[in-house]
Amino acid sequence: MSKSTKIVAGGAAIGIVLLFLLPFPFWANLLIVLGIPTAAYLTLDPSQRRRLRRVGRKELGR
């Protein structure tokens, strides 16, 4: 596995663990787990978003 894949897998694992450990209701945990990456994506410039999408497509073999 590449370094970035390990980071993504670790982040997903931490998110799932926090989903069950935090004392908030399920919907609040889900909002936190999905909201943080969404907010981070929305803070990117349009050129950075294009670059991110292009890199993502190349890694998928398109």
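What percentage of the 62 residues in the protein is buried? Buried residues make up 6% of them. Keep in mind as you read on that this is a predicted model.

Let's start with the overall layout. The secondary structure consists of three helices and zero strands, and following the sequence from its start gives the pattern α-α-α. The protein exposes about 5500 Å² of accessible area, and 70% of that is supplied by carbon and sulfur atoms.

Now move to helix H1, which covers residues 3-21. A UniProt record, an unreviewed entry, lists residues 7-22 as a "transmembrane region". In the model, the chain over residues 7-22 is 94% helix and 0% strand, and the C-alpha atoms at the two ends of this stretch are 22 Å apart. Find Gly-15, which has its place in helix H1. Gly-15 has a relative accessible area of 14%, and because buried means under 20%, Gly-15 counts as buried.

From Gly-15 you can look across to Asn-29. These two residues are 14 positions apart in sequence, and their C-alpha atoms are 9.0 Å apart in space. A second pair to look up is Leu-19 and Leu-31: they are 12 residues apart along the chain, with 9.8 Å between their C-alpha atoms.

Leu-31 brings us to helix H2, where this residue lies. Helix H2 runs over residues 26-42, 17 residues in total. From its first C-alpha to its last, H2 reaches 24 Å, close to the 24 Å expected at 1.5 Å a residue. There is still a bend to find along the way: H2 turns by about 30° at Gly-35, and a proline, Pro-37, follows within four residues of that point.

How do the side chains of H2 meet the surface? Leu-31 has 58% relative accessibility; since the cut-off for exposed is over 50%, Leu-31 counts as exposed. Val-33, also found in helix H2, has a relative accessible area of 32%. That value falls between the limits for buried and exposed, so Val-33 is partly exposed.

Val-33 also belongs to a group worth picking out on your screen. Together with Phe-26, Leu-30 and Leu-34, Val-33 forms a nonpolar patch on the surface. The accessible area of these residues together is about 350 Å².

Conventions
Residues numbered from 1 in each chain as written. Predicted model: local features only at pLDDT ≥ 70, side-chain atom pairs only at ≥ 80, totals over all residues. Heavy atoms only, no water. Expected span 1.5 Å × (residues − 1). Bend = angle between axes of the 7 residues up to and from the residue. UniProt positions renumbered as here; feature names shortened; annotations may be inferred. Patch = residues over 30% accessible without salt bridge, like charges linked within 9 Å, V, L, I, M, F, W, Y side chains within 5 Å. Areas by Shrake-Rupley, 256 points an atom, 1.4 Å probe, with all protein chains shown as cover. Salt bridge = Lys/Arg side-chain N within 4 Å of Asp/Glu carboxyl O. Buried < 20%, exposed > 50% of the residue type's maximum accessible area, 1.4 Å probe, protein only.
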